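These are my notebook entries on one protein chain. I set down in turn what I looked up.

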Amino acid sequence: GKKLIYVSHITVVLFGLGMSIWSIALYYIDISMGYLYSMMGIVISSAVIPGALTLLWNRQSKWAVCLSPSLGFICSVSAWLVVTKIQFNSISIETTGSDVSMLVGNVVALLSPIVFVPIISFIAPDPTPYDFVSMRAIELVDDGPRNTRHPSLGETERGIVFLTGKLKFARIIAVVLTSCLVIIWPFPMYGTAYVFSKSFFTGWVSIGIIWMFFSFCIVGIYPIVENQPKFSKWKQNAITVAGGNGQGQQLNQLDHPFGIFIDEKKNIFISDRFNHRIVEWKYNAKEGQIIAGGNGQGNRMNQLNYPRDVTVDQQNHSVIIADWENRRVIQWLNQKQLILIDNIDCYGLAMDKHGFLYVSDAGKNEVRRWKMGEYNEGIIVAGGNGQGDYPNLLNFPNFIFVDEDQSVYIADHENRRVMKWRKDAKEGTIVAGGNGGGDNLNQLSNPQGVIVNDLGQIYVVDYGNDRIMRWCEGKEEGEIVVGGNGHGNQSNQLNGPIDLSFDGEGNLYVADFGNHRIEKFEVIL
């Protein structure tokens, strides 16, 4: 994405320079803007109808699309010059600029494809009518890391409503402007043979300049402003959506919640660590349901032992758990268990859009990737070079996040930093912290959960400072988005936060470890 933008910027500069040179050349050979404007239709109008029919008529063949504009161009130039010759018996810049010659050339350019397109489509048809399905497969070029979640049903519906409203507005504006500029204004003046007075002409030019200024703002400035990174904000007083009823093992209680996962329906999957279980809290539920563990602390297949993280494989809706003290990654599906990876100090879990499973091994200071269903040794994607603080080293990696480019973001706990390892990289780069432990905005104290949103903004749980931080890659410091109001249990406070997640609407959820609750900070729209 960045390469595409770079090339487009260079192209704009080169185009501007080329047009400047071309304009100077036209000036010195006495070709006016009026002449050029009128001649432009002769040159390009023959592509209008084939271009429109590309979207509106599925039986237009590829040969018709390619040949009709060229044939139309030949016909329009021929008609333009022939009429000039007949009318003036000479061809020059002065004679070819006559209204009649220009009008004939423009009309032929615009309308001649009406003849060429059906004839060529009939003579050289495509094997099957175009069904426009391939257009839906065109992918947006990324300009940075993106979240792997899909938009929720609510987001999709709101998007459709928003775009439908904008489409109606655009149609109304198009009809009004076309009517005014092509019919209501010009026709009466043409029919009455109106000749501009000096004051009228001054007003006309002034309106034109104002029109161009606002057009420049809308077309040139507004898209730049609109596409600036949007920094979301959240209400600072949270709502407790799970737990919050004291430390305990009842279904409406949690005991030191750790990793969390939010699905598309806003159901919350919680690693209820000291209860040795995974609980699911349905949206707006008053209590949770045990979906894994809950059979006491132990190493049997139906038991867990201080689980740290949890994720959901949305292909088969199984729950994958980092069973910390049992040193295993285990999958639960309909109360059936399967050990996926054994003998690993598993801390954080993540899955990418291709279905690969990533696990941080805090003991070996590395992150490995496994293909679902093929649990061999895995592939090291970060660290694996021992313990330390060099760019190719990690020191007790915990929570991880994987973006659409398969770059891995790692909360490098003991180094007080977040590292980004691009796919196939030999070392990582610091994208948050890395300035020692502390409470300054350029520091982290025991970083835990990490998530990167669609704009490449990095959200980090700063456990030791009871706050959630937002960092932008390349910046020297982050900013506090929630928390940071001291150690406590008030609605604007956190007590040793561990993990975070977002729902489809952008609301922020935090596992408030010391307060035995999950907090929801509502996004400010």
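**Charged pairs, cysteines and overall form**

Entry 1. I began with a charged pair in this predicted model. The side chains of glutamate 414 and arginine 416 form a salt bridge, with 3.5 Å from N to O. I then looked up the exposure of glutamate 414: this residue is partly exposed, its relative accessible area being 37%. That value lies between the cut-offs of 20% for buried and 50% for exposed, which means that the label "partly exposed" applies.

Entry 2. I turned to glutamate 366 and arginine 368, whose side chains also meet in a salt bridge, at 2.5 Å from N to O. Are these two residues buried or exposed? I found that glutamate 366 and arginine 368 are both buried.

Entry 3. My next pair was arginine 517 and aspartate 512, which form a salt bridge with their closest N and O atoms 2.8 Å apart. Arginine 517 has a relative accessible area of 8%, so it counts as buried. Aspartate 512 is buried because its relative accessibility is 0%.

Entry 4. I looked for charged residues joined in a group. A network of salt bridges links Lys420, Arg422 and Glu473. For the structure I noted a count of 17 salt bridges. As a general reminder, I wrote down that side chains of opposite charge can pair when their charged atoms come close.

Entry 5. I asked myself how many disulfides the structure holds. The count is zero. I took cysteine 75 as a case to examine. Why does its sulfur make no bond to the closest cysteine sulfur? That closest sulfur belongs to cysteine 66 and lies 17 Å away, so the two are too far apart for a bond. Cysteine 75 is partly exposed, with a relative accessible area of 30%, whereas cysteine 346 is buried, at 0% relative accessibility.

Entry 6. I then considered the chain as a whole. Its secondary structure comprises ten helices and 26 strands. I recorded a span for the C-alpha trace of about 100 × 55 × 45 Å along the principal axes. The radius of gyration is 32 Å, while a compact globule of 525 residues would have one near 24 Å.

Entry 7. I closed with burial, contacts and surface. Of the 525 residues, 40% count as buried. Among contacts between residues at least 6 apart in sequence, 50% join residues at least 24 apart. The accessible surface amounts to about 29600 Å², and carbon and sulfur atoms account for 61% of it.

Notes
Residues numbered from 1 in each chain as written. Predicted model: local features only at pLDDT ≥ 70, side-chain atom pairs only at ≥ 80, totals over all residues. Heavy atoms only, no water. Salt bridge = Lys/Arg side-chain N within 4 Å of Asp/Glu carboxyl O. Buried < 20%, exposed > 50% of the residue type's maximum accessible area, 1.4 Å probe, protein only. Disulfide = S-S within 2.5 Å. Helix = DSSP H or I, 4+ residues; strand = E, 2+ residues; numbered from the N terminus. Rg over C-alpha atoms; globule rule 2.2 N^0.38 Å. Contact = heavy atoms within 4.5 Å. Areas by Shrake-Rupley, 256 points an atom, 1.4 Å probe, with all protein chains shown as cover.
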